[in-house]
Amino acid sequence: MLRKFLPVLGALLLTASLVSAQRNCGAMEVLDRQLQEDPAMQERMNAIENHAQHFAQNPGAHDRVVVTIPVVVNVVYNTTSENISEAQIMSQIDVLNADFRLLNADQSLIPQIFQGVKADCEVQFCLATQDPNGNATTGIRRQATSLTSFSSNDAMKYTSQGGLDGWDRNKYLNLWVCDLGGGLLGYAQFPGGPAATDGVVCDYAYFGTTGVATPPFDKGRTATHEVGHWLNLRHIWGDANCGSDLVNDTPVHNTSNGGCPSYPHYSTCSGSPVEMTMNYMDYTDDACMYMFTQGQKTRMQAVLASGGARYSLLSSPGCQAPSGCSAPAGLAATGITNTSANLSWGSVSGALSYNLQWKANSSGTWTTVSGLGTSYALGGLTAGTTYNFQVQTVCSSGNSSYSSAVNFTTTGGSSCTDPYEANNTRNTAKVIPVNTAVTALISTSTDKDYLKFNNTSTNKNVKVELSTLPADYDLRLYRGSTQVGISQNGGTANEVIIYNTTSAATTYYAYVYGYGGVFNNSQCYTLKASISSSAWRTDGTTDGEVEELDIPVAFGDDSFAMFPNPTSNELNIDFFLQEDSDVQVTVFDASGKASAQQNRTITKGDSIMQLDLSRLAPGMYFVQVRNGDTVTTKKLMKN
């Protein structure tokens with residue numbers, strides 16, 4: 001788990017998810033971005049295209065087999081509806097199998113003119129039954145996220161960015177299902193792209209045929225379309241007026257078609273052919289697309305053939321039941337003392353013995369103990385220290401993978417001279433001295449610590465540091481009842497909140513809590529609340545001139561602060577208003593054209609407006625804030 005520091009005064013989201021009535025695929029947008037980020041990708045794609053052309057010219061030289069592709073569905077959700085059901089996932093797998101094998105019932109609607117080129121692509125799909133470690137799996141993974149939506153920047157593909165890391169692309173097709181903003185239904189990565197982001201992304205509302213699947217994209221064809229891209233198919237109109245999709249048996253299209261065009265729909269390109277609006281690689285509604293062609297099949301088979309970019313999938317064990325024995329379950333640590341613990345685990349049928357690995361949580365090196373039964377007395381430990389252990393099964397058919405690691409903490413270690421209890425609410429918060437380190441405990445899963453302090457008229461700027469963490473503790477900062485900062489680093493990394501402000505003689509509350517209810521009733525954390533007359537820098541010092549920082553800075557009612565600058569996706573506009581006011585924020589590009597604009601009524605005091613700038617191209621922009629008759633403009637760089 002990796003989370004980021006985010007100072008918050010009171011966020012107002014300026015963007016909203018739009019329900020699209022027109023299919024919108026981001027595959028080409030993603031391809032353009034990846035080619036800019038990695039110029040060598042073009043050479044890889046050229047080699048893939050040369051292989052595809054050679055394959056198409058020599059169809060008899062290749063054995064044709066039905067290829068089964070293992071699929072892992074990575075569900076990244078913020079709300080209950082986004083955490084789609086297994087039934088909805090299974091309905092999508094069924095659609096993929098029907099569409100790619102020409103078993104879809106609506107293929108009977110294919111016009112006579114195209115009957116001769118319709119194709120069973122000889123590609124089918126299974127939900128993975130074996131994970132990359134050889135363990136049994138359902139092929140469905142779920143990850144809660146604090147993000148309310150994603151864009152085409154691939155964040156959903158990284159656990160560190162609020163998403164979920166994918167499995168090995170040489171063994172699995174990764175399907176990510178999440179809330180996509182900006183009207184996107186989905187997007188795919190073409191063969192030749194980066195390994196970490198390889199796969200297909202679909203919006204949760206346009207995936208499968210049941211559950212929350214939403215018309216007119218509720219027949220599962222968004223995934224069919226995107227998997228087509230993943231297998232090296234282009235849009236049927238070639239992403240240009242009368243463009244080429246690199247396939248010989250598809251008609252030339254003027255451009256994309258939406259909705260359900262009446263048949264025949266003629267192109268005005270050379271020869272005025274009838275357009276194949278029912279092809280999966282057009283933009284029509286789900287109910288109005290129902291075929292691939294023989295030429296498209298050849299391109300897909302090329303990447304799956306020997307020498308093809310996705311040939312390794314043919315030897316993947318992902319659709320096979322795990323062989324050998326499984327890793328033990330039921331790992332537990334009991335009888336924990338200052339220097340020892342009794343470790344145990346459940347038995348596995350067919351096990352000859354077990355191997356144990358253990359280490360201190362802070363260490364990167366495991367110690368292995370072999371030839372064990374289902375328990376082990378571990379000694380020689382250090383008091384007040386967190387340890388990890390994991391177990392492997394030894395069988396005649398081979399060893400299992402190691403189990404997931406389990407943590408335990410020895411007793412003893414540091415003690416808190418004052419645990420600052422009870423302080424589970426702001427009303428019961430304990431007063432702490434400023435500029436002084438104090439220690440306290442999170443002693444139960446429901447224990448929450450509120451620690452109170454004040455800044456002064458001369459020392460207004462605040463910094464709070466949380467360190468010596470025995471578990472994954474997080475930190476929030478409140479000014480009165482308003483949250484003004486949050487720090488949520490993963491694991492036992494230190495937490496820091498910096499809050500530079502013009503507000504003086506104000507009561508602040510540092511709120512310390514265990515992420516997911518973790519606690520340690522024997523080891524203390526350390527908290528220090530510091531105040532200063534000089535603004536804190538991001539390195540925690542007050543030395544030297546303080547430049548524009550990635551922290552909120554309150555100004556008078558004729559100005560504002562913005563952070564981060566430069567920015568990649570989001571921009572926060574920080575106000576301090578003397579009275580309620582109508583505020584207009586406009587982002588201009590270098591030519592003076594308005595690229596984004598929002599109007600809000602802002603209440604007096606501190607407020608933050610948050611803008612989603614992910615769709616803006618990199619470059620220089622100007623942010624203008626109009627507050628009544630006052631207009632202030634600042635320069636912004638977009639990465």
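A residue counts as buried under 20% relative accessible area, as exposed over 50%, and as partly exposed in between. Keep those cut-offs in mind, because they sort the residues below. The model itself is predicted.

Take D120 as a trial case. Its relative accessible area is 22%, so D120 is partly exposed. This residue forms a salt bridge with R101. The closest N and O atoms of the pair are 2.7 Å apart. Both R101 and D120 sit in the loop between α3 and β3 (123–127), 19 residues apart.

Side chains of opposite charge can pair when their charged atoms come close. How many salt bridges does a search of the whole structure find? The search finds 12. Some of them share partners, and these join R33, E37, D154 and K157 into one network.

Another pair is R221 and D99. Their salt bridge brings the closest N and O atoms to 2.9 Å. R221 lies in helix α4 (residues 221–230), and D99 lies in helix α3 (residues 86–100). The pair therefore ties together parts that are 122 residues apart in sequence. Are these two residues buried or exposed? R221 has 5% relative accessibility, so it counts as buried. D99 has 2%, so D99 is buried too.

The pair of D38 and R44 has another setting. Here the closest N and O atoms of the salt bridge are 2.8 Å apart. D38 has 24% relative accessibility and therefore counts as partly exposed. R44 has a relative accessible area of 34%, so R44 is partly exposed as well.

R44 falls within the residue range of helix α2, which runs from 40 to 57. This helix has 18 residues. From its first C-alpha to its last, α2 reaches 26 Å, close to the 26 Å expected at 1.5 Å a residue.

Which residues of α2 are buried? They are M41, M45, I48, E49, H51, A52 and F55. Why do they line one face of the helix? Seen down the axis of α2, the buried residues fall within an arc of 160°, so they share one face. That face has partners: the buried residues pack against α1 (27–37) and α5 (294–304). On the other side of α2, E43, N50 and Q57 are exposed.

Note on methods
Residues are numbered from 1 along each chain as its sequence is written. This is a predicted model: local features need pLDDT of at least 70, side-chain atom pairs count only at pLDDT 80 or more; totals for chains, interfaces and linings use all residues. Side-chain values use heavy atoms; hydrogens and water are left out. Helices (H or I, at least four residues) and strands (E, at least two) are DSSP runs, numbered from the N terminus. The expected span of a helix is 1.5 Å times one less than its number of residues. Buried means under 20% relative accessible area, exposed over 50%, partly exposed in between (1.4 Å probe, protein chains only). The arc is that of the directions from the helix axis to the C-beta atoms. Contact means heavy atoms within 4.5 Å. A salt bridge is a side-chain nitrogen of Lys or Arg within 4 Å of a carboxyl oxygen of Asp or Glu.
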